2 protein chains.
Amino acid sequence: MGTVVVGYVPKPEGDAALDRAIDEAKLRGSKIVVVNSHRGGADFDSVASHQTEATLDDVRSRLDAAGVSYDVRQLVRGFEPAEDLIGIADENDAELIVIGLRRRSPVGKLILGSNAQRVLLDAKCPVLAVKAAD
Amino acid sequence: MGTVVVGYVPKPEGDAALDRAIDEAKLRGSKIVVVNSHRGGADFDSVASHQTEATLDDVRSRLDAAGVSYDVRQLVRGFEPAEDLIGIADENDAELIVIGLRRRSPVGKLILGSNAQRVLLDAKCPVLAVKAAD
């Protein structure tokens, strides 16, 4: 069984990436690995950790409803999100990585942030970049 | 029937993009539109035009062998490749655009060129970025 790895953040672009990853996994008969990455540090306290846990419960519900096999990974190990995403993709010999492109508030213009660029350039497998609906 | 649009150049990254686009079209039961874009001008003379035609014959053979429906578009209308690719994707209400990421010679490091960045940011549909094998 192949693996689709998706970078998840609780924002419109993260939801768009998750939705598309579910579609791609169904199409390919693959499993999904959801990667939610935090650098950690002083800002990531027990409140933030609990909020994240609630968010990931919602992600699990969506994956259950979609009927796909999945693994949700919450990583707090001091790495940049791109580093974690590529690491998990390598571990799983991923066939595809799905990322969401974020919009720069408040103008709403899409940008290629440093994490997106790094995943696009450094991942061994193809990378599917999706956008949240306007 | 959905449409997968692929940007083709006769280079390793173009071949990788075409191969992946064929796989994606088969998986989705979609047709392929291959876009080969030249700005034109003094460098695009009858010799260049003939070379391109021979290259596109090879592309058609690969598509025939794959058994997918296709349309090969050679565009010489003074536009940047990104502009042509996005235009054709819009015309066809594409479900996916496939692009190849190029390597900077001679060091071989991958780069996100201005055309790749523009397609990633400006295309309405998801964009799949692939790399040629090392």
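**Exercise 1. A pair within helix α4 of chain A**

Task: In this predicted model, decide whether A:D122 is buried, partly exposed or exposed, and find which residue forms a salt bridge with A:D122.

Solution.
Step 1. The relative accessible area of A:D122 is 41%. Buried means under 20% and exposed means over 50%, so A:D122 is partly exposed.
Step 2. The salt-bridge partner of A:D122 is A:R118, and their closest N and O atoms are 3.1 Å apart. The cut-off for a salt bridge is 4 Å.
Step 3. A:R118 has a relative accessible area of 33%, so A:R118 is partly exposed.
Step 4. Both residues belong to helix α4 (residues 114-122) of chain A; because they are four residues apart there, about one helical turn separates them.

**Exercise 2. A pair between two helices of chain B**

Task: Which elements of chain B hold the salt-bridged residues B:R62 and B:D19, and how accessible is B:R62?

Solution.
Step 1. The side chains of B:R62 and B:D19 form a salt bridge, with 3.1 Å from N to O.
Step 2. B:R62 lies in helix α2 (residues 46-66) of chain B and B:D19 in helix α1 of chain B; they are 43 residues apart, and the pair links distant parts of the chain.
Step 3. B:R62 has a relative accessible area of 22%, which makes B:R62 partly exposed. B:D19, at 41%, also counts as partly exposed.

**Exercise 3. How the copies are related**

Task: What turn and what shift lay chain B on chain A, and what kind of axis relates the two copies?

Solution.
Step 1. In general, two copies of a chain are related by a rotation about an axis and a shift along it.
Step 2. Here the turn is 180° and the shift along the axis is 0.0 Å, with an RMSD of 0.0 Å.
Step 3. The copies are therefore related as by a two-fold rotation axis.
Step 4. In chain B, the C-alpha of B:L128 is the one nearest the axis, at 2.1 Å from it.

**Exercise 4. The interface**

Task: Describe the contact between chain B and chain A: how many residues take part, how much area is buried, and which element of chain B gives the most residues?

Solution.
Step 1. On the chain B side 21 residues are in contact with 21 residues of chain A.
Step 2. Of the interface residues of chain B, 100% are also interface residues in chain A, so the copies meet through the same surface.
Step 3. About 1,700 Å² is buried between the chains, and carbon and sulfur atoms give 60% of this area.
Step 4. Across the interface there are two salt bridges and eight residue pairs in polar contact, both residues of each pair being at pLDDT 80 or more.
Step 5. On the side of chain B that touches chain A, the elements giving two or more residues are α1, β4 (96-101), α4 (114-122) and β7 (127-131) of chain B. The element that gives the most is β7(B), with five residues.

**Exercise 5. A network of salt bridges**

Task: Follow the salt bridges of B:R28 within chain B and to chain A, and name the residues of the network.

Solution.
Step 1. Within chain B, B:R28 forms a salt bridge with B:E24, with closest N and O atoms 2.6 Å apart. Because the two residues are four places apart in helix α1 of chain B, they are separated by about one helical turn. Both B:R28 and B:E24 are buried.
Step 2. To chain A, B:R28 forms a salt bridge with A:E24, with closest N and O atoms 2.9 Å apart.
Step 3. The network of salt bridges links A:R20, A:E24, A:R28, B:R20, B:E24 and B:R28.
Step 4. Over all chains, the whole structure has 24 salt bridges.

**Exercise 6. The surroundings of A:R20 and B:R20**

Task: Is A:R20 buried or exposed, and which residues does A:R20 touch, leaving out those up to four places away in sequence?

Solution.
Step 1. A:R20 lies in helix α1 (residues 12-28) of chain A. Its relative accessible area is 17%, so A:R20 is buried.
Step 2. With sequence neighbours up to four places away left out, A:R20 touches A:V98, A:L128 and A:V130 in chain A, and B:R28, B:E95, B:L96 and B:P126 in chain B.
Step 3. In chain B, B:R20 is found in helix α1 (residues 12-28) and counts as buried at 17% relative accessibility.
Step 4. Under that sequence limit, the contacts of B:R20 include A:R28, A:E95, A:L96 and A:P126.

**Exercise 7. Confidence**

Task: Which elements of chain A have the lowest and the highest mean pLDDT?

Solution.
Step 1. Chain A has a mean pLDDT of 92, and 100% of its residues reach 70 or more.
Step 2. Among its elements, strand β5 (residues 103-104) has the lowest mean, 78, and strand β1 (residues 3-7) the highest, 98.
Step 3. For the complex, the predictor gives an ipTM of 0.92 and a pTM of 0.93.

Note on methods. Residues numbered from 1 in each chain as written. Chains lettered and ligands numbered in written order. Heavy atoms only, no water. Buried < 20%, exposed > 50% of the residue type's maximum accessible area, 1.4 Å probe, protein only. Contact = heavy atoms within 4.5 Å. pLDDT = per-residue confidence, 0-100. Least-squares fit on C-alpha atoms with pLDDT ≥ 70 in both. Buried area = accessible area lost by both parts, 1.4 Å probe. Polar contact = N/O pair within 3.5 Å; in protein donor to acceptor, adjacent residues only side chain to side chain.
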